[in-house]
Amino acid sequence: MRRHHLSTLLPAAAALAAARPGLSPAPTVAAPGGSVLWRFGAGGRISRSADAGDTWQDQVSGVTADLIAGAAPSAAVCWAVGTAGTVLLTTDGERWERRPFPEAVDLVAVAASNTRAATVTTRDGRRFSTSDSGLTWSPIQ
């Protein structure tokens, strides 16, 4: 099996999206070290690779919202965000839990440093942070 690195997959996905209007590449994030990857998509789709993208295993997200972005501060911890205020967190690399978010707005970006701390960005550019694993969120001025 040929090993593909993330840097070669993303341009290929972008080329596919350009060839098929309306199709955007699945957001993919890498944990430090690059061997563990997560891929997110429409309808709550999540897949995980433990071998730098050679093989992928679907995971149960528990949501139907489109997942737009993710952040993986470790091989076991990953945050995912999406439409309608959807925030998901896994702390074991397998089981995802929905975290409450105060508004049903589309979330388009997330940055996370660990299991407890993350910052999300809404489609209109507002940012919110958490320091308790997404139980509460505070606007960032």
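Two strands are taken to pair if DSSP finds at least two bridges between them, and strands (E, at least two residues) are DSSP runs numbered from the N terminus. The exercises below rest on a predicted model, in which local features need pLDDT of at least 70 and side-chain atom pairs count only at pLDDT 80 or more, while totals for chains, interfaces and linings use all residues. Residues are numbered from 1 along each chain as its sequence is written, and side-chain values use heavy atoms, with hydrogens and water left out.

**Exercise 1. Work out how β9 is placed in its sheet and which strand it is bridged to.**

Step one is the pairing: β9 is joined by 5 bridges to strand β10 (residues 118-122), and the two run antiparallel. One of the residue pairs can be named, since Ala 112 has Ala 118 in β10 as its bridge partner.

Step two is the sheet, which is open, consists of 4 strands in the order β9-β10-β11-β12 and has antiparallel pairing. β9 (107-112) and β12 stand at the edges with a single partner strand each, so one side of each is left without a neighbour in the sheet. From one strand to the next the twist averages 30°, where axes are lines fitted to C-alpha atoms and angles run from 0 to 180 degrees between N-to-C directions.

**Exercise 2. Describe the sheet that contains β5 and follow the chain from β5 through β6 to β7.**

Begin with the strand order, which is β5-β6-β7-β8 in an open sheet of 4 strands with antiparallel pairing. The edges are held by β5 (67-71) and β8 (96-99), and because each has a single partner strand, one side of each is left without a neighbour in the sheet. Neighbouring strands here are turned by 25° against each other on average, direction ignored.

Next, follow the connections. A hairpin with 6 residues joins β5 to β6, and 4 bridges link β5 to β6 (residues 78-82) in antiparallel fashion. Among the partners across this pair, Gly 70 is matched with Ala 80 and Ala 69 with Val 81. On the other side, β6 is joined by 4 bridges to β7 (residues 87-90), again antiparallel, and Trp 79 stands opposite Leu 89 in β7. The hairpin of β6 and β7 has 4 residues between the strands, and in this hairpin Ala 84 takes a positive phi near 60°.

**Exercise 3. Is β6 enclosed or open to its surroundings, and which way do its residues point?**

Take burial as the criterion, with buried meaning under 20% relative accessible area, exposed over 50%, and partly exposed in between (1.4 Å probe, protein chains only). Since 5 of the 5 residues of β6 are buried, the strand is largely enclosed by the rest of the structure.

For the directions, recall that in a regular strand the side chains alternate between the two faces of the sheet. In β6, Cys 78, Ala 80 and Gly 82 point one way, whereas Trp 79 and Val 81 point the other way.

**Exercise 4. Identify the residues that touch the most other members of the largest nonpolar core, and examine Val 120.**

A nonpolar core is a set of buried Ala, Val, Leu, Ile, Met, Phe, Trp, Tyr and Cys residues joined through side-chain atoms within 4.5 Å. The largest one has 14 residues, of which Trp 79, Val 81, Val 87, Phe 101, Val 110, Val 120 and Trp 137 touch the most other members. At least two residues of this core come from each of β5, β6, β7, β9 and β10.

Now consider Val 120, counting as contact any heavy atoms within 4.5 Å. Once its neighbours within four places in sequence are set aside, the contacts of Val 120 include Val 81, Phe 101, Val 110, Arg 126 and Trp 137.

**Exercise 5. Characterise the loop residues Asp 132 and Ser 133.**

Asp 132 lies in the loop between β11 (127-130) and β12 (138-140), and with a relative accessible area of 18% Asp 132 is buried. Its side chain makes a polar contact of 2.8 Å with that of Thr 130; such a contact is a pair of N or O atoms within 3.5 Å, where within protein one must be able to donate a hydrogen and the other to accept it, and residues adjacent in sequence count only if both atoms are side-chain atoms.

Ser 133 is also placed in the loop between β11 and β12, and at 11% relative accessibility Ser 133 counts as buried. Its phi is near 65°, a positive value in a residue other than glycine.
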